[in-house]
Amino acid sequence: MKYFYLLSFALIISCNNNEKEIGEYKAQIAVLETKNKKLNDELKTQNSELEHLEKWVAIQQENDILKQGVKDLEGKIFNHKINEELIGFESNLGYFLPSEILSVLKSISGEYKVEPDINPFFLKANLSTDDTFFYVLRIEHISSGKKGFIVFKDYAPDRYFIMGAGQPFNGVDEDLSYIGACYVEKASDVTVGYEGDNEVHPNTKEVVVLVTKESASAAFYLDEGEYKWKWIGD
């Protein structure tokens, strides 16, 4: 009987210890479940933020692509305008230039292009003593990028003259990019110095005045069958 009581007492103590351990385990499990829930909530929040960030990055990338697309289209529009209106001439210069000159310009469009970097970029003037009119257009040599002018006589456009744009002329630079403006002036209103130190008016009806970006000016005209470039005031 004594052993029975001892065994029963031991069992009671053992059960009490097990219940205590189980309670501690349950408490630890509850803490872990709370932490797990918190971590899951944080993970959901981070996933949501990550998805938001990924969407923002995708939108930004799409926006950058659209900006580049707009830029490319604007470039194509500009090139189309230059190539079709200024080199093709159908929708612009055709209103101002004889068809024979347009044909010549088209035939050399692989080497030269009309360049509208000055205003006006072409002129019509009587650069001789008779009634011949000349067309002067701003051009650029495509491969070198050097700028200058091409000159046509109205009655013989196929015998054109190029000044600058890669072609040296009577001591004038091959690149006339520094010309910032040009206009037609009566020869009687222009004084140039040549043939010694005598200042005279060009022997022609009109001249094309070429103004550099530094404001110095030169007169361009035809004299005794030769094109002349004279600095005004020299």
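From the N terminus on, the elements of the predicted model follow the order α-α-β-β-β-β-β-β-β-β-β-β-β. The protein thus contains 2 helices and 11 strands. Of its 234 residues, 31% are buried. The accessible surface of the protein amounts to about 15,400 Å², and carbon and sulfur atoms account for 54% of that area. Among contacts with a separation of 6 or more, 49% are made by residues 24 or more positions apart.

Helix α1 comprises residues 2-87 and includes Leu53. Leu53 counts as partly exposed because its relative accessibility is 46%. Together with Leu50, Trp56 and Val57, Leu53 makes a nonpolar surface patch of about 380 Å².

Helix α2 spans residues 99-107, and its buried residues are Ile101, Leu102, Val104 and Leu105. These four residues lie on the same side of α2, because they cover an arc of only 160° around the axis. An α-helix has 3.6 residues a turn, so residues three or four places apart point the same way. The cover over the buried residues of α2 includes strands β3 (134-141), β4 (147-153) and β5 (156-164).

The interior was examined next. In soluble globular proteins, nonpolar side chains tend to be buried together. The largest nonpolar core of the model has 22 residues, of which Phe149, Met163, Val208, Leu210, Phe220 and Trp229 touch the most other members. At least two residues of this core are supplied by each of β2 (122-125), β3, β4, β5, β6 (179-186), β9 (206-212), β10 (217-223) and β11 (226-231). The strand that gives the most to the core is β10, with 3 residues. Beyond its neighbours within four places in sequence, Val208 is in contact with Leu123, Ala125, Leu127, Val136, Cys182, Tyr183, Ala218, Ala219 and Phe220. A second core, separate from the one to which Val208 belongs, has 17 residues, including Ile108, Phe122, Phe152 and Ala165.

Burial is also found in a loop. Thr132 is located in the loop between β2 and β3, and a relative accessible area of 10% means that Thr132 is buried. When neighbours within four places in sequence are set aside, the contacts of Thr132 are Ala125, Asn126, Leu127, Lys153, Asp154 and Tyr155. Val200, by contrast, belongs to strand β8 (residues 199-200) and counts as partly exposed, because its relative accessibility is 30%. The C-alpha atom of Val200 is separated by 8.3 Å from that of Val190, a residue 10 positions away along the chain.

Charged pairs were then considered. Side chains of opposite charge can pair when their charged atoms come close. Over the whole structure, 5 salt bridges are found. One of them joins Lys147 to Asp117, with 3.0 Å between the closest N and O atoms. This pair links distant parts of the chain, since Lys147 lies in strand β4 and Asp117, 30 residues apart from Lys147, lies in the loop between β1 (112-114) and β2. Lys147 counts as buried because its relative accessibility is 17%, whereas Asp117 is partly exposed, with a relative accessible area of 32%. Asp117 and Lys147 are also linked with Arg138 in a network of salt bridges.

A further salt bridge is formed by Lys146 and Glu174, whose closest N and O atoms are 3.0 Å apart. Distant parts of the chain are again linked, with Lys146 in the loop between β3 and β4 and Glu174 in the loop between β5 and β6, 28 residues apart. Lys146 is partly exposed, its relative accessible area being 28%, and Glu174 likewise counts as partly exposed, at 33% relative accessibility.

Asp223 and Lys228 form another salt bridge, in which the closest N and O atoms are 3.5 Å apart. Asp223 is buried, because its relative accessible area is 7%. Lys228 counts as buried as well, at 16% relative accessibility.

Conventions: Residues numbered from 1 in each chain as written. Predicted model: local features only at pLDDT ≥ 70, side-chain atom pairs only at ≥ 80, totals over all residues. Heavy atoms only, no water. Buried < 20%, exposed > 50% of the residue type's maximum accessible area, 1.4 Å probe, protein only. Arc of directions from axis to C-beta. Contact = heavy atoms within 4.5 Å. Core = buried A, V, L, I, M, F, W, Y, C linked by side-chain atoms within 4.5 Å. Patch = residues over 30% accessible without salt bridge, like charges linked within 9 Å, V, L, I, M, F, W, Y side chains within 5 Å. Areas by Shrake-Rupley, 256 points an atom, 1.4 Å probe, with all protein chains shown as cover. Salt bridge = Lys/Arg side-chain N within 4 Å of Asp/Glu carboxyl O.
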